[in-house]
Amino acid sequence: MQRLGPRLLDRIVSLVLPDRPPAARRPPDDPCAYVTLLTSEGYLDGVLALEASLRRCGSVYPLWVVLGDQIGAAAADRLAAAGIPTCRATEFRITLDPKLVALNESLGYSHWTQTYDRLAFFSMTRWRKIVSIDSDMMVVRNIDGLFDTPHLSAVAAGRSYPGNEHWVDLSGGLIVIEPKAGVADELAAVVPKLFAEAHARGDNAPIGDQQIFNVYFDFWREREDLHLPEGYNLFLDHLDHYWKILPRGPDGRPEIFIVHYAGGRKPWQYSRSRMLRECYYHVRKGKPRAALYLLAYWALIRLAAARTPAPA
């Protein structure tokens with residue numbers, strides 16, 4: 001394969017992602033912002049790619065990164081070099097039962113425990129409205145219109161995929177939030193209750209922030225006005241199915257706004273050979289669109305990382 005220099009990487013990204021810089025980007029202190037959580041430096045390349053995808057889609061709103069305690073100064077400096085503002089998650093802390101931490105870790109979901117910092121988003125009143133977005137997502141259409149949607153707008157992600165018709169809960173990957181003082185504490189109070197109930201029934205399933213949201217906001221399932229179209233949180237593996245059923249936009253393409261690269265191993269961890277094997281796997285499964293969007297995301301990750309070198 002030809003050496004993947006910046007020009008070739010950009011051409012690959014352009015297969016699925018436009019390059020429409022905004023006429024005027026809003027400043028970091030704007031009352032509305034995209035916000036993502038970074039609790040592991042292993043996800044840094046995902047954050048850089050997320051910012052790059054927002055910019056290419058012409059977003060005018062800033063992306064803020066909330067840094068966990070594990071994130072050092074070097075990672076924060078690299079984000080600053082990319083023009084991404086950051087703040088620490090010290091505004092809110094919850095004390096976790098060590099048994100819960102051990103349970104998640106024993107089941108291979110220790111990263112779920114780290115996501116509890118995201119509960120703080122609901123009380124970060126430095127912003128009037130935020131769009132909480134996972135760092136393993138790629139924005140492929142402008143999503144600034146989400147700031148005009150009501151509090152708790154989210155997606156029952158994957159619900160229309162065959163076999164998932166019973167999925168009715170909101171996915172925590174993308175949530176529109178109007179922060180309010182005290183809500184984070186109330187969400188935190190759900191954690192020991194969930195753990196005690198699971199322990200009482202002998203359920204050793206891991207507990208993450210998404211379960212907390214769906215207990216506290218249990219009314220969401222019945223509020224159709226809060227249900228965003230599924231194209232706003234689309235799992236990569238489901239893409240070819242949704243390509244056929246979603247309405248078309250003005251460009252003739254399905255209205256896919258965000259592709260979610262969920263899973264334990266992330267594309268920024270792939271070598272070139274591993275990425276090609278993954279693309280081949282999707283093609284063999286009859287999912288050529290998924291292969292294309294994986295290739296484009298991998299190229300975007302490489303491009304964003306190359307344009308934001310580590311500080312000297």
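**Entry 1: a charge over two rings**

I began with Arg126 and found that this residue lies over the face of Trp127, at 5.3 Å from the ring centre. I then looked at Trp64 and noted that Arg126 lies over the face of that ring too, at 5.2 Å from its centre. I keep in mind throughout these notes that the model is predicted.

**Entry 2: the two tryptophans**

I next asked how Trp64 and Trp127 are placed in the chain, and I found Trp64 in strand S2 and Trp127 in the loop between helix H5 (110–114) and strand S4 (129–133), so that the pair links distant parts of the chain, 63 residues apart. I noted that the two rings form an edge-to-face aromatic pair, with 5.5 Å from centre to centre and 70° between the planes. I also recorded that both Trp64 and Trp127 are buried.

**Entry 3: other aromatic rings**

How many aromatic pairs does the structure hold? I found 12 of them. In one, the rings of Tyr61 and Phe147 have their centres 4.2 Å apart and their planes at 35°, which is why I wrote the pair down as tilted. Tyr61 belongs to the loop between helix H2 (44–56) and strand S2 (63–67), while Phe147 belongs to the loop between strand S5 (137–139) and strand S6 (174–177), so the pair ties together parts that are 86 residues apart in sequence. I looked up the relative accessible area as well, and Tyr61 is buried at 10%, as is Phe147 at 5%. I listed one aromatic cluster made up of Phe122, Phe213, Tyr216, Phe217 and Phe219.

**Entry 4: the nonpolar cores**

I turned to the largest nonpolar core, which has 72 residues, and noted that those touching the most other members include Tyr34, Ile133 and Ile143. Helix H11 (residues 288–307) gives the largest share of this core, with 12 residues. I followed Ile143 further and, leaving aside its neighbours within four places in sequence, found this residue in contact with Tyr34, Leu54, Ile133, Tyr232, Phe257 and Ile258. Apart from this core lies another, of 34 residues, with Ala89, Leu119, Ala120 and Phe213 among them.

**Entry 5: the cysteines**

Why does Cys87 form no disulfide? I found that its sulfur is 16 Å from the closest cysteine sulfur, in Cys32, and is therefore too far away for a bond. For Cys279 the closest cysteine sulfur is in Cys57, at 20 Å, which is again too far for a bond. I noted that Cys87 counts as buried, at 8% relative accessibility, and that Cys279 counts as buried at 10%. In the whole structure I counted zero disulfides.

Notes: Residues are numbered from 1 along each chain as its sequence is written. This is a predicted model: local features need pLDDT of at least 70, side-chain atom pairs count only at pLDDT 80 or more; totals for chains, interfaces and linings use all residues. Side-chain values use heavy atoms; hydrogens and water are left out. A nonpolar core is a set of buried Ala, Val, Leu, Ile, Met, Phe, Trp, Tyr and Cys residues joined through side-chain atoms within 4.5 Å. Buried means under 20% relative accessible area, exposed over 50%, partly exposed in between (1.4 Å probe, protein chains only). Helices (H or I, at least four residues) and strands (E, at least two) are DSSP runs, numbered from the N terminus. Contact means heavy atoms within 4.5 Å. A disulfide is a pair of cysteine sulfur atoms within 2.5 Å. Rings of Phe, Tyr and Trp (its six-membered ring) pair if their centres lie within 6.5 Å; planes under 30 degrees apart count as stacked, over 60 as edge-to-face and the rest as tilted. A charge sits over a ring if NZ of Lys or CZ of Arg is within 6 Å of the ring centre and within 35 degrees of the ring normal.
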